[in-house]
Amino acid sequence: MVELHFAGFYEGSQSVDWHQHETGEFVYQQCGVCRHRLPNAPEMETRPGDLLYIPAGMPHHQTSVEYAETIYVGFSAPHGTAAEASVLSDPFTGKWMVLLHEAWLSSHPARLPMLTAAMEMLLALWCREETEHALPPNLRTAKRCMDERLGQGITPVEAARRCGMSPSYFSARFREFFGETPIQYLTRKRLELAARLLANPYTDLERIARQCGYRDANYLARRFRAAHGCSPSEYRKGL
């Protein structure tokens with residue numbers, strides 16, 4: 001289980017002297033600009049929306065270029081995290097960091113489950129971003145395009161065109177990095193989305209099919225049965 005050890009809020013223009021923690025640390029830049037020095041690494045700069053990861057035991061120094069606000073949390077995870085510091089950006093990391101800080105200060109009876117759930121979600125986002133950050137830029141563009149347009153019926157051919165590759169080369173490169181073809185990836189992600197949407201008993205199957213990028217409920221049902229061994233309606237009854 002992920003464990004949160006501390007959380008806090010910094011505001012001001014003063015430098016934070018060299019220090020280190022026994023745990024990993026996330027620092028989210030809410031406003032302003034900060035520069036971070038770490039041993040044997042180039043200086044890192046964080047701007048609003050950036051999330052800085054600092055590994056456990058790594059000394060670091062923060063300089064505020066101007067008035068700055070940051071949220072920081074210290075944590076440990078059973079599966080471990082990366083050994084190098086990195087800066088990543090995702091529109092949702094700020095929301096989870098704010099929630100973590102608020103839950104840390106709260107006396108609500110559900111505080112601990114909230115902290116664990118929020119920290120696990122933040123780590124999942126960070127791991128996804130770190131994985132995508134290591135991809136070749138054209139594959140990263142194509143994957144994000146597919147993720148963001150599942151409901152618009154995007155095809156591998158369209159994704160290949162958007163990243164400037166031929167469909168056959170795109171398919172080969174995608175499989176090299178992800179272990180599945182683009183069409184297998186799209187099918188899996190659409191059916192995962194369908195399974196989540198089925199949890200709402202008030203959403204009809206035709207609407208779910210359209211939200212997943214399928215032309216109608218019958219086509220969704222065939223795909224769903226092939227993957228799960230049951231129809232969407234049967235799956236919903238079992239929830």
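Which loop does Thr23 lie in? Thr23 sits in the loop between E2 and E3. A word of caution before going on: this is a predicted model.

Let's stay with Thr23. Buried or exposed? Its relative accessible area is 12%, so Thr23 is buried, the cut-off being under 20%. Now its neighbours. Leaving out residues up to four places away in sequence, Thr23 touches His5, Phe6, Pro55, Ala56, Gly57, Gly74 and Phe75.

Phe75 leads us to the rings. The count of aromatic pairs comes to 10. One of them joins Phe26 and Phe75, with ring centres 4.9 Å apart and planes at 20°. Planes under 30 degrees apart count as stacked, so this pair is stacked. Look at where the partners come from: Phe26 is in strand E3 and Phe75 is in strand E8, 49 residues apart, so the pair links distant parts of the chain. Phe26 has 0% relative accessibility and counts as buried. Phe75, at 2%, counts as buried too. Elsewhere, ring pairs link Phe170, Phe174, Phe178 and Tyr185 into a cluster. Keep Tyr185 in mind.

Next, the cores. In soluble globular proteins, nonpolar side chains tend to be buried together. How many residues does the largest nonpolar core have here? It has 21. Phe26 is among those with the most contacts inside it, along with Val73, Met97, Leu100 and Met119. Strands E1 (3-12), E3 (24-31), E6 (50-54) and E8 (68-76) each give two or more residues to this core, and so do helices H1 (93-105) and H2 (111-133). H2 gives the most, with 6 residues.

Take Leu100 as an example. Not counting residues up to four places away in sequence, Leu100 touches Leu4, Val73, Leu115, Ala118, Met119 and Leu122. Apart from this core lies another, of 14 residues. Met146, Leu150, Ala159 and Tyr185 are among them. So Tyr185 is back.

On to the pockets. Rolling a probe the size of a water molecule over the atoms shows where empty space is left. The largest pocket has a volume of about 530 Å³. Which residues lie nearest its centre? They are Arg128, Lys143, Asp147, Tyr185 and Lys189, out of 21 that line the pocket. H2, helix H3 (137-148) and helix H6 (182-197) each give two or more residues to this lining. The largest share, 6 residues, comes from H6. By class, the lining has 13 charged residues, 7 nonpolar and 1 polar.

The second largest pocket has a volume of about 160 Å³. Its lining has 13 residues, and Val16, His19, Glu25, Gln62 and Tyr72 lie nearest the centre. Which elements supply at least two residues each? They are E1, strand E2 (16-19), E3, strand E7 (60-64) and E8. This lining divides into 6 nonpolar, 6 polar and 1 charged.

I'll finish on one residue of that second pocket, Gln62. Gln62 is found in strand E7. Its relative accessible area is 8%, so Gln62 is buried. Again leaving out residues up to four places away in sequence, Gln62 touches Tyr10, Ser15, Val16, Val27, Cys34, Arg35 and His36. Val16 is also one of the residues nearest the centre of the second largest pocket.

Terms used
Residues are numbered from 1 along each chain as its sequence is written. This is a predicted model: local features need pLDDT of at least 70, side-chain atom pairs count only at pLDDT 80 or more; totals for chains, interfaces and linings use all residues. Side-chain values use heavy atoms; hydrogens and water are left out. A nonpolar core is a set of buried Ala, Val, Leu, Ile, Met, Phe, Trp, Tyr and Cys residues joined through side-chain atoms within 4.5 Å. Buried means under 20% relative accessible area, exposed over 50%, partly exposed in between (1.4 Å probe, protein chains only). Helices (H or I, at least four residues) and strands (E, at least two) are DSSP runs, numbered from the N terminus. Contact means heavy atoms within 4.5 Å. On a 1 Å grid over the protein atoms alone, a cavity is a set of points where a 1.4 Å probe fits but cannot get out, and a pocket is an open set with protein on both sides within 12 Å along at least five of seven lines; lining residues have an atom within 4 Å of a point. Grid points are joined across faces, edges and corners, and a volume is the space filled by probe spheres set on the points. Ala, Val, Leu, Ile, Met, Phe, Trp, Tyr, Cys and Pro count as nonpolar, Asp, Glu, Lys and Arg as charged, and the others, Gly among them, as polar. Rings of Phe, Tyr and Trp (its six-membered ring) pair if their centres lie within 6.5 Å; planes under 30 degrees apart count as stacked, over 60 as edge-to-face and the rest as tilted.
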